[in-house]
Amino acid sequence: MPKPLPQRPLRPATLLVRGGTTRSEHDETSEALFLTSGFVYDSAAQAEGTFAGTERHYQYSRFGNPTVAMLEARLAALEGAEACRMTATGMAAVHAALMAQLRAGDRVVASRALFGSCHWIVSTLLPRYGIESVFVDGADLAQWERALARPAALVLLETPSNPMLELVDLPAVAEMARRAGALVVVDNVFATPLLQRPLELGADVVVYSCTKHMDGQGRVLGGAVLGRARWVEEVLQPFIRNTGPSISPFNAWVILKGLETLALRVPAMCRSAAAIADFLAGRPEVSRVLYPFRPDHPQHALARRLMADGGTLVTFDLAGGKEAAFRFCDALRLIDISNNLGDAKSLVTHPATTTHMRIGAEERARLGIADGTIRLSVGLEDTHDLIEDLAAALDGLARRRA
Ligand SMILES: *Cc1c(COP(=O)(O)O)cnc(C)c1O
């Protein structure tokens, strides 16, 4: 067994390396990978006791696994949550959090600017089961107020949002949700647990796609749901146990090792993103730059209040629309075209034709996603090399116009 951690509060970088670690009888340094589907019992009586809940023993990796449990404990410690359950993907985490909680006849209020598949669950899947869904503009508190004037079972929001980096005043919305009787679920993928602490801002449940910054090296999918112990054990765990969105222990192990460097990677990516946002704002080919910690972001003051840094994504509009956006993406030599984010490799996305194609032109217009909008996920390459890559691609647009 590892020495118990000191009782005094530990800082995030320490928790990311040490939190949740347990050791087998071999006293290994690195977290062990228990790549096993099941577990054996010393006796039939132990099996009986385990199923009856009078003995603590692993049963089956759909319900629990020692490698997965280390990751759950590490994330819970980092988030300041009482409990955590891992899932196979971020979408499985969102789906489990919602379906475990909701019943026919319930009402869900969500911000419109949601990750595409989260939007689909709320707009298309939930109504099939008799759950009413209401969308609001997340930045408009008056709309939240109107929607939450009636009782609601659950509020789902993402802040900052994908891809327009729009913020929600979480403390204000959480207070309205509390009065409406709603459980507040926050998708905190864009901010990461290092930059924003939703539970302290009024959320009840936080969900993550660990596929993004937590793995951070583009290898595996994973998801996490964090909240109060009672809710996790009594509401979420039966849903996960019986429906099986469980993560592979191998993927959990990769994410555990990814977390060890999260506190180095995210600040470095934020520094680079801020510099790149400033660079882009000075270019004539760019008509608008969105970065939460730039003073020209429409919700800059709110961003400074909710977040510790501006994040690892920059969204910007090219004046020349889709044609310019495609030529710009194709001209990049270092930065890859991909729809993932939070990776060590910088990645560029054209939301209107990829991640946000299915929502249709009208909904895109509502969200402010233009044909010239580009989302850039800033990685860990040297900032100067990234800026040179962006500059060369923008120069190409300028030459074409001249
Ligand atoms: C990627 C993402 C998800 C979904 O996560 P997967 O691991 O791809 O299933 C959900 N919400 C946000 C904000 C995301 O960026």
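**Ligand site and domain arrangement**

The ligand occupies the space of the second largest pocket. The model is predicted.

Around the ligand lies a shell of 13 residues. M91, D187, S209, T211 and K212 are the closest of these. Sorted by class, the shell comprises five nonpolar residues, five polar residues and three charged residues.

Polar contacts involve the side chains of D187, T211 and K212. At D187, an N or O atom of the side chain lies 2.7 Å from a nitrogen atom of the ligand. T211 faces ligand oxygen instead: the distance from an N or O atom in its side chain to an oxygen atom of the ligand is 2.6 Å. For K212, a side-chain N or O atom is 2.7 Å from an oxygen atom of the ligand. On its own, the ligand has 380 Å² of accessible area, and the protein covers 92% of that area.

The protein chain is assigned two domains. Domain 1 spans residues 12-259. Domain 2 spans residues 264-401. A distance of 28 Å separates the C-alpha centres of domain 1 and domain 2. The two domains are in contact, with 34 residues of domain 1 and 35 residues of domain 2 taking part. By these bounds, D187, T211 and K212, whose side chains approach the ligand, fall in domain 1.

How values were computed
Residues are numbered from 1 along each chain as its sequence is written. This is a predicted model: local features need pLDDT of at least 70, side-chain atom pairs count only at pLDDT 80 or more; totals for chains, interfaces and linings use all residues. Side-chain values use heavy atoms; hydrogens and water are left out. A residue is near a molecule or strand if one of its heavy atoms lies within 4 Å of it. A polar contact is a pair of N or O atoms within 3.5 Å; within protein, one must be able to donate a hydrogen and the other to accept it, and residues adjacent in sequence count only if both atoms are side-chain atoms. Accessible areas come from the Shrake-Rupley method with a 1.4 Å probe; for residues, only the protein chains shown count as cover. On a 1 Å grid over the protein atoms alone, a cavity is a set of points where a 1.4 Å probe fits but cannot get out, and a pocket is an open set with protein on both sides within 12 Å along at least five of seven lines; lining residues have an atom within 4 Å of a point. A molecule sits in a cavity or pocket if more than half of its atoms lie within 2 Å of its grid points. Ala, Val, Leu, Ile, Met, Phe, Trp, Tyr, Cys and Pro count as nonpolar, Asp, Glu, Lys and Arg as charged, and the others, Gly among them, as polar. Domain bounds come from an automatic or database domain assignment. Contact means heavy atoms within 4.5 Å.
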